[in-house]
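Here's a quick round of questions and answers on one protein model. Have a look at it first, then read on.

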Amino acid sequence: MKYLAIIFTLFCTLSNYGQVTIKGTVTDGTNPLPYATVQITGKNKGTITDSNGQFELSTTASGKISLLASSTGYLSDKKTIRIEKFKNGTTLNFKLTEYTDVLDPVTVTGTKTVKRKTNNPIIVNIINSKTLQNVQACNLSEGLRFQTGLRVETDCQTCNYTQLRMNGLNGRYSQILINGRNVFSPLTGLYGLEQIPTNMIDRIEIVRGGSSALYGSGAVGGTVNVITKIPKKNNYQIETSYQNIKGANDYIVNGNATVVSDDYNSGATFYINSRNREMYDANGDNYSELPELKNMAFGTNLFFLPSENEKLEINFSKINEYRYGGEMVDKAPHLALQSEERTHDIYFGNLDYQINFNDWKSSFITYIAAQTTDRRHYTGIFPDTEEDITEHLTNPPYGTSTSTTYQGGIQLNHTIENFLNGSNILTAGLEHINDDIIDEIEAYNYLIDQNTQNTGMFLQSDWEINKKTTLLAGVRFDKHNFIDYVIASPRFSFLYKPTSLLQLRATWGTGFLAPQAFDTDLHIAFAGGGISRVQLSEDLKEERSNSFNVSLNFDKPTEHYIYGFTIEGFYTHFNDSFYLHHLGEDEFGELFEKRNGDGATVQGITFEARVNIGQVFEFEGGLTLQKSLYDTAIENVDGLAAKKEFMRTPNNYAYATFSYKPNLNFNTSINFVYTGNMDIVHYGGALEQDIDEYKVTPKFAELGLKSGYTFNLNRTKTDLELFVGVKNIFDAYQNDFDSGKNRDSNYIYGPANPRTYFAGIKLSSK
C-alpha cells in the first residue's frame with residue numbers, strides 16, 4: 001500500500017510537470033463580467049468566469065498560445081501570450097466592448113437631450129478620440145476631415161486660415177459648438193479649427209443639414225459639437241512628438257490628467273498642449289506656404305454632484321497663439337516685403353447646472369458660456385515708391401481685434417410615459433447670444449464694429465409612438481437685432497425601425513443666416529499687389545433655407561464582428577443667397593461686397609461603410625457626391641463669364657480609415673482622404689500670373705500611415721508607446737503656388753500639408 005501511494009504521487013507530479021495556470025479577469029472596462037467564456041483557440045479547452053469576472057485556466061502548452069474571451073452582447077477579445085510569462089503569477093485581463101458602445105453610443109447634439117444613436121430621429125455621427133489618435137491629428141482641423149460630408153479647407157497661402165465645409169456649403173453655414181454652447185465666434189472661426197488641440201477632445205458629434213435648425217442662425221449646413229475630455233477615472237498621459245515637414249521642424253508636447261473622488265461625486269480632468277512649428281516654403285521663393293506657429297493651450301473640465309439628482313459642470317480653456325507667414329526674413333513684419341502676423345489670446349468656458357426631479361421624469365438645465373479673443377495683427381506689402389515707403393513706415397498697417405461672446409439659457413425637459421400609447425420627451429428652452437466684434441486697421445481705413453444679439457426660444461416634441469416609430473417635431477423662434485421681425489424655423493424628423501438592425505429617417509427643416517460679418521469677411525487677403533477686403537451691402541437681408549434629408553442605416557452585430565452602412569440623400573435650397581460681388585480696386589487693392597442673389601441649390605448623396613472585426617481590424621469610410629449651383633449665374637470677377645457653380649466646391653470627396661491591432665502591444669492604422677476637381681478664381685499680379693482667370697484644380701488623394709508599439713511597465717503600472725508614421729505619403733500637394741510679394745494668397749487649394757514624417761513617445765497610466 002505504501003508503494004502504491006508513492007507511485008500515485010509520482011504519477012500526479014509527472015502529469016502536472018510543465019503545467020501553467022493562467023489567471024485573470026474579464027470586464028467591460030468598468031464592471032466585471034460574470035459567466036464569460038475564456039478558451040484556448042484551436043483546442044477543446046476553456047473555462048468560465050465566476051461572479052466576480054475572474055477565471056483560472058491550466059495548460060501544459062509552451063511557447064505562444066491564443067486565448068479568446070467572449071460574452072453574450074459583447075464583441076469577443078483575442079489575446080496572444082507567451083506561456084513563460086505566467087509562471088510568476090502574472091495575470092491576464094480582458095476588456096470586452098459591448099455592442100451598444102460601438103453601434104449605439106449616447107449622443108446629445110441631435111435633440112439637446114441624451115439619446116441613444118439608433119433611437120435618435122436625427123442622424124448624429126461621431127469622431128472619437130481613438131480616431132483622432134490613429135490619424136495623428138494635432139488639432140481639430142486635422143481631425144474633422146475624417147467624416148462623411150465634411151471638408152476642411154485652407155484659404156490663405158500666407159496665414160493658412162481654415163474653414164469647415166459641410167455638404168458643399170461655405171464655412172459660414174457650419175456652426176461649431178464647444179460642449180454644446182455657441183462660443184465659437186466669427187473671429188475665432190478664422191483660426192480656431194487649428195488652435196483647438198485634439199488632446200482636449202473626448203469626441204466630436206456631427207449633425208449635417210437642416211436638422212441643425214434647433215441651434216439657430218448659422219447652423220444651416222450643420223453643427224459640429226466638440227465635447228471636451230470628461231472625468232471618468234484616475235489616469236494620466238504625457239506625449240511628445242516631432243514632425244518633419246520637408247525640412248521644417250514641428251514639435252508638439254501634450255499632457256492629460258484626471259482625478260475622480262472615491263465616491264464618484266466629483267472629478268476633474270486637465271489638459272495642456274504646446275506646439276512650435278517652423279515656416280515652410282514650397283516653391284523656393286523665400287515666402288512661406290505654411291506659417292510659423294507657436295501655440296500654447298491649457299484647460300480643465302470639472303464636475304460636482306451636490307446630490308444624487310444634481311450635477312454642476314465647469315469647463316475652462318485658454319489658448320495663446322503666435323502665427324507669422326510671408327517673406328521669410330528676421331525683421332519686423334512691416335519691414336518684410338509681404339507678411340501677415342497674428343497674436344491671439346483666447347479664453348472660453350461654460351458653466352452648466354442640471355437638476356432632475358419628478359422621479360427623474362423631468363430635468364431643468366441652466367447654463368452660461370463665454371469667449372473672449374484679443375488679437376494683434378499685421379497684414380501688409382512693402383511698397384515700391386519712396387513716397388509710399390515713407391507713408392508705410394510712418395503708419396504701418398498694424399491692427400487690433402477684440403471679440404467677446406456671451407451665451408446664457410435655460411432648458412426644461414419632461415417625459416410623458418403614457419402619451420397616446422407611446423412616450424414623449426417635451427423640451428422647451430430660451431437662450432440669448434451676444435457677440436461684439438471690433439476689427440480695425442487704421443492705415444487701410446478698415447473697421448468692423450459690430451454687435452449682434454439673438455434671442456431664441458425652442459419647443460420640441462420627441463414622440464416615440466412605438467418601439468419602431470418616432471416622430472420629432474420642433475420649432476425655434478429667433479429675434480436677431482439685424483432683422484426687424486421674428487423668424488420661425490420649424491423642423492420635423494421621422495424615424496422608422498422595421499427591424500432592430502435597420503433605421504429609416506426623413507427630415508425637413510428650415511434655417512436662416514443673418515446679414516452680419518462672418519469669419520471669411522474678417523480676413524484680409526493679398527491679391528494683385530494689394531489687399532482684398534469684404535464689405536456688406538447696405539440692403540443685405542437674411543438668407544433663408546429649406547432642407548430635406550432621407551437616410552437608411554444598417555448595422556449587423558455578431559459575436560466576432562460588426563458591419564454596417566449608411567446611405568443619405570440631402571437637398572437644400574436657399575432664397576436670397578449670399579455671394580461676393582467684385583467692386584473693383586481702390587488705393588489699397590481689391591474690394592468685394594456681399595450681396596443677396598436669387599437663390600441656390602445644394603444637393604447630393606453620401607455613402608458610408610464600416611466593419612469592426614473583434615476590435616482587431618476596423619474600417620470606416622465615406623463618399624460624398626454632390627452638386628452646388630446658384631439659380632442665376634454669378635459674376636465672380638470683372639471681365640470673366642458669370643458662373644452658376646459654387647467656387648472652391650468639389651462635386652466629390654471621400655475618406656477612409658483602417659486600423660489593425662492584433663494584440664495589446666502593436667497597432668497600425670492607415671488613413672485616406674480624396675478631394676475631387678473644383679473651380680477656383682486666380683487673380684493676376686504675381687510674376688507667373690498676369691491675368692484674372694478661372695482654374696480647375698486637379699484631384700488629390702492623401703494616404704497616411706501610423707504604427708506604434710506599447711511596452712507594458714507593470715511595476716510602475718504604466719504603458720510606454722513608441723510610434724512613427726507618415727502623413728501624405730505620396731506628397732499630393734499643390735505645385736503651382738504664386739511667388740513673390742504680389743502673389744494671390746487666396747490661390748491655394750488641395751491638402752493642407754505636404755509629405756510629413758512624424759515620431760513620438762507616449763507614457764500613460766494603466
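Q: Is phenylalanine 55 buried or exposed?
A: This is a predicted model, where local features need pLDDT of at least 70, side-chain atom pairs count only at pLDDT 80 or more, and totals for chains, interfaces and linings use all residues. Residues are numbered from 1 along each chain as its sequence is written, and side-chain values use heavy atoms, with hydrogens and water left out. Buried means under 20% relative accessible area, exposed over 50% and partly exposed in between, with a 1.4 Å probe and protein chains only. Phenylalanine 55 has 4% relative accessibility, so the verdict is buried.

Q: What kind of aromatic pair do phenylalanine 55 and phenylalanine 94 make?
A: Rings of Phe, Tyr and Trp (its six-membered ring) pair if their centres lie within 6.5 Å; planes under 30 degrees apart are stacked, over 60 edge-to-face and the rest tilted. Here the centres are 6.1 Å apart and the planes sit at 50°, so the pair is tilted.

Q: Which strands hold phenylalanine 55 and phenylalanine 94?
A: Strands (E, at least two residues) and helices (H or I, at least four) are DSSP runs, numbered from the N terminus. The pair links distant parts of the chain, 39 residues apart: phenylalanine 55 is in strand 4 (residues 54-59) and phenylalanine 94 in strand 8 (residues 91-95).

Q: How far apart in sequence are the parts that tyrosine 630 and phenylalanine 646 tie together?
A: These two also form a tilted aromatic pair, 4.6 Å centre to centre with 35° between the planes. Tyrosine 630 lies in strand 38 (residues 617-634), while phenylalanine 646 is in the loop between strand 39 (643-645) and strand 40 (652-660), so the parts tied together are 16 residues apart.

Q: What is the relative accessibility of phenylalanine 646?
A: Its partner tyrosine 630 is buried, with a relative accessible area of 14%. Phenylalanine 646 counts as buried too, at 12%.

Q: How many residues of helix 5 are buried?
A: Helix 5 covers residues 188-195 and is largely enclosed by the rest of the structure. Among its buried residues are Leu190, Tyr191 and Glu194. The count for helix 5 is eight of the eight.

Q: Where is methionine 328 found?
A: At 26% relative accessibility, methionine 328 counts as partly exposed. Not counting residues up to four places away in sequence, methionine 328 touches Met279, Asp281, Asn286, Tyr287 and Ser288 (contact means heavy atoms within 4.5 Å). Its home is the loop between strand 22 (310-326) and strand 23 (338-357).

Q: Which strand holds phenylalanine 570?
A: Phenylalanine 570 counts as buried, at 4% relative accessibility. Leaving aside neighbours within four places in sequence, its contacts include Asn167, Phe548, Val602 and Thr624. Phenylalanine 570 is found in strand 34 (residues 561-575).

Q: How many strands does the protein have?
A: The helix count is six. The strand count is 46.

Q: What radius of gyration does the protein have?
A: The globule rule, 2.2 Å times the number of residues to the power 0.38, is set against a radius taken over C-alpha atoms. For 766 residues the rule gives 27 Å, and the protein comes close to that, so it is as compact as a globular protein of that length, with a radius of gyration of 29 Å.
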